[in-house]
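Biologist: Hi! Could you walk me through this protein? I'm new to reading structures, so plain words please.

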Amino acid sequence: MMNEIQSGTFVNIGDPLRMEEQYLGKNDSTYVEDGKVCAAISGILKVNESERTITVENTASTNEIVPKHGDIVTGEVYMIRKSSVGVRIQTLNQKLVMDLGLIGNIHVANVSRSYVDKLDNVFQKTDMIRAKIIAQRGKEYSIATNAPNLGVITSTCKYCGKEMQRKGKGQSICPFCNHYDRKIMANDFGDPVEVLKF
């Protein structure tokens, strides 16, 4: 039996709140994992005992910060797996959401319209990317970079740390050491409008 968090308590993303068989969670602020209703956002837990429903209310205007299908995010690549790329989401529709701890995951099938053999050939850790949310899976959001305005928007050279520049379609070059990299680039690679580094 799980310890129940009291209504009015501040909860974090991923905290188990109640058992699914006993309570119905609101879709915009909770998700179900292993039979438990968990917090999808950080905020204040609200439990309605008469209706057997639970929700998490974020004091910073929940309607503005809960990611939805089709929303545009930017973030930093922090992990490259065999078939997916992990991204720490920093902005949602050009609003800062770094403090929410949101994670995006780009599956290899959603990286590009053309075939990609190895993800570490077109992404590297610390790349800043722009992507579209296509689904929510537990605590992670499935995101895609397979459109012209999506993909890597800034990148630094893995050898000398200088900012990479566009060199033709799908290629970037370091102006300092002339290192080349393939990239899944957004149209505005190297000159994005978003606030990126903090």
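Modeller: Happy to help; we'll go from the whole chain to single residues, and please keep in mind that this is a predicted model.

Biologist: Great. What does the secondary structure of the protein chain come to?

Modeller: The protein chain has one helix and 17 strands. Its C-alpha trace spans about 65 × 30 × 25 Å along the principal axes.

Biologist: And what percentage of the 198 residues is buried?

Modeller: Buried residues make up 44% of the 198. As for the outside, the protein chain exposes about 10,700 Å², and carbon and sulfur atoms supply 47% of that area.

Biologist: How about contacts between residues at least 6 apart in sequence: what share joins residues at least 24 apart?

Modeller: That share is 53% in the protein chain.

Biologist: Let's talk strands. In what order do the four strands of the open sheet come?

Modeller: The order is S1-S6-S7-S3, with mixed pairing. At the edges are strand S1 (10-11) and strand S3 (24-25), each of which pairs on one side only.

Biologist: How many bridges join S1 to S6?

Modeller: Two, and the strands run antiparallel; S6 covers residues 43-48. If you want a spot to look at, find Phe 10, whose bridge partner in S6 is Ile 44.

Biologist: Found it. Which strand does S2 pair with?

Modeller: Strand S2 (residues 16-19) pairs with strand S5 (residues 36-39), in the antiparallel sense and over three bridges. S5 also pairs with strand S4 (residues 30-33), again antiparallel, over four bridges. Look at Lys 36 in S5: Met 19 stands opposite this residue, and so does Glu 33.

Biologist: How many residues lie between S4 and S5 in their hairpin?

Modeller: Two residues, and Asp 34 in that turn has a positive phi of about 55 degrees.

Biologist: What sign of phi do most residues other than glycine have?

Modeller: Most of them have a negative phi. This model has further positive ones to look at. Arg 52 is not a glycine, yet its phi is positive, at about 60 degrees. You'll find Arg 52 in the loop between S6 and strand S7 (53-57).

Biologist: Is Arg 52 buried or partly exposed?

Modeller: Partly exposed, because its relative accessibility is 35%, and buried would need a value under 20%. Asn 178 also has a positive phi without being a glycine, at about 65 degrees. That residue is in the loop between strand S16 (171-173) and strand S17 (180-182).

Biologist: New topic: cysteines. How many disulfides are there?

Modeller: The count comes to zero. Cys 160 is in no disulfide, with the nearest cysteine sulfur, that of Cys 174, 3.3 Å away.

Biologist: Why does Cys 177 have no bond to the closest cysteine sulfur?

Modeller: Because that sulfur, in Cys 157, is 3.6 Å away, too far for a bond. The cut-off for a disulfide is 2.5 Å between the sulfur atoms. Cys 177 is partly exposed, with a relative accessible area of 34%. Cys 160 counts as partly exposed too, at 30% relative accessibility.

Biologist: Okay, rings next. How many aromatic pairs come out of the count?

Modeller: Zero aromatic pairs. There are charges over rings, though. The charged end of Arg 18 sits over the ring of Tyr 23, 5.3 Å from the ring's centre. Lys 162 lies over the face of Phe 176, at 5.5 Å from the ring centre.

Biologist: Nice. Now loops: where is Val 122?

Modeller: Val 122 is in the loop between S11 and strand S12 (128-137).

Biologist: Is Val 122 buried or exposed?

Modeller: Val 122 is buried, because its relative accessible area is 2%. Leaving aside neighbours within four places in sequence, its contacts include Val 116, Val 152 and Ile 184. Leu 150 is 28 residues from Val 122 in sequence, and the two are 13 Å apart in space, C-alpha to C-alpha.

Biologist: Last one: where does Gly 101 sit?

Modeller: In the loop between strand S10 (95-96) and strand S11 (103-107). Gly 101 is partly exposed, with a relative accessible area of 48%. Gly 101 and Asp 71 are 30 residues apart in sequence and 17 Å apart in space, C-alpha to C-alpha.

Biologist: Thanks, that helps a lot!

Methods. Residues numbered from 1 in each chain as written. Predicted model: local features only at pLDDT ≥ 70, side-chain atom pairs only at ≥ 80, totals over all residues. Heavy atoms only, no water. Phe/Tyr/Trp six-rings, centres within 6.5 Å; stacked < 30°, edge-to-face > 60°. Lys NZ or Arg CZ within 6 Å of the ring centre and 35° of its normal. Pairing = 2+ DSSP bridges. Buried < 20%, exposed > 50% of the residue type's maximum accessible area, 1.4 Å probe, protein only. Contact = heavy atoms within 4.5 Å. Areas by Shrake-Rupley, 256 points an atom, 1.4 Å probe, with all protein chains shown as cover.
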